[in-house]
Amino acid sequence: MFSFFQKKHSLVASGILHGMTDIHSHVLPGVDDGSPDISTSLELLGWMEALGFQKVWCTPHVMEDFQNHNPQLQEIFQQLKQAYSGSIELALASEYMLDASFGQRLPDQVLPIGKNHLLVETSYMYGPVGMDDLLLDTYQAGYRPIIAHPERYMYMEAEDYRELREKGYHFQLNLMSLSGYYGKRPQAVSEDLLKKGWYDYVGSDLHHLHRYAPMLENLKLKREQIDALGVLLENNSTI
């Protein structure tokens, strides 16, 4: 009886990815550590299309290593749209590192998801100086911060997640964290946060197909995990 309730199911075969709006991806070509060129971007989109994705937000990194600016990103985005003839609706936003230059971009030099959701991240090893102030500045500038892949931040503990949630900030799960793609600790944290209902959204964070595609295609989850992901996917579609 116990093994029956622990049975795992294929995420892809479950069908919940059909109609998915992906709010975090790196398919925009040549701007960060994701797709290097349009040909690769089309390959990524073709794979996402085969899985049933309906809408994909291109969210290139904006940080010290990738000092992208809106006009440049918008021009490349238009080039990708012209080259892509598939069924996925494409949209453009960005993923912002909470670093020293972030505050200078507020309020009108950022690309939000939808009208007022801003995807933000931090270093994996260390929290940024003045993180609370940066998040509050974002909120006061009229944006709802979505903290990307919090399960991957090695410096965060259970109380950190709790405090951020209590302050009203949103969490975005990386889908592949549940597979162990990023390691055992992010997998365990992602499972815990998902069980607690502390995630608001889910994204692919797709950079390339190597390892990512086969691991997703073979990902098996418990029924309650798939159901919880279904709620997050519904939230994605409302942004």
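Me: Which residue is the bridge partner of Val120 in strand 8?

Reply: In this predicted model, Val120 has Ile147 of strand 8 as its bridge partner.

Me: How do you know that strand 7 and strand 8 are paired?

Reply: Two strands pair if at least two bridges are found between them, and strand 7 (residues 117-121) is joined to strand 8 by 4 bridges, so the condition is met and the two strands count as a pair, running parallel.

Me: And what makes strand 4 and strand 6 a pair?

Reply: Strand 4 and strand 6 (residues 95-97) are joined by 2 bridges and run parallel, and since the rule asks for at least two bridges, these strands also count as paired. Within this part of the sheet, Val62 stands opposite Tyr96 of strand 6.

Me: Why are strand 4 and strand 10 said to stand at the edges?

Reply: The open sheet has 6 strands in the order 4-6-7-8-9-10, and their pairing is parallel. Strand 4 (61-62) and strand 10 (201-203) each have a single partner strand, so one side of each is left without a neighbour in the sheet, and that is why they are said to stand at the edges.

Me: What makes strand 8 mostly covered?

Reply: Strand 8 takes in residues 144-148, and 4 of its 5 residues are buried, where buried means a relative accessible area under 20%.

Me: Why is Gln225 called buried?

Reply: The relative accessible area of Gln225 is 12%, and the cut-off for buried is under 20%, so Gln225 falls on the buried side of that limit. This residue is found in helix 10 (residues 223-238), and, leaving aside neighbours within four places in sequence, Gln225 is in contact with Glu191 and Leu194. Over the whole protein, 52% of the 239 residues count as buried.

Me: How do you know that the protein is as compact as a globular protein of its length?

Reply: The secondary structure of the protein comes to 10 helices and 11 strands. Its radius of gyration is 17 Å, which is close to the 18 Å that the globule rule gives for 239 residues, so the protein is as compact as a globular protein of that length. Along the principal axes, the C-alpha trace spans about 55 × 45 × 30 Å.

Me: What part of the contacts joins residues 24 or more positions apart?

Reply: Of the contacts in the protein with a separation of 6 or more, 77% are between residues 24 or more positions apart.

Definitions and conventions
Residues are numbered from 1 along each chain as its sequence is written. This is a predicted model: local features need pLDDT of at least 70, side-chain atom pairs count only at pLDDT 80 or more; totals for chains, interfaces and linings use all residues. Side-chain values use heavy atoms; hydrogens and water are left out. Buried means under 20% relative accessible area, exposed over 50%, partly exposed in between (1.4 Å probe, protein chains only). Contact means heavy atoms within 4.5 Å. The radius of gyration is taken over C-alpha atoms; the globule rule is 2.2 Å times the number of residues to the power 0.38.
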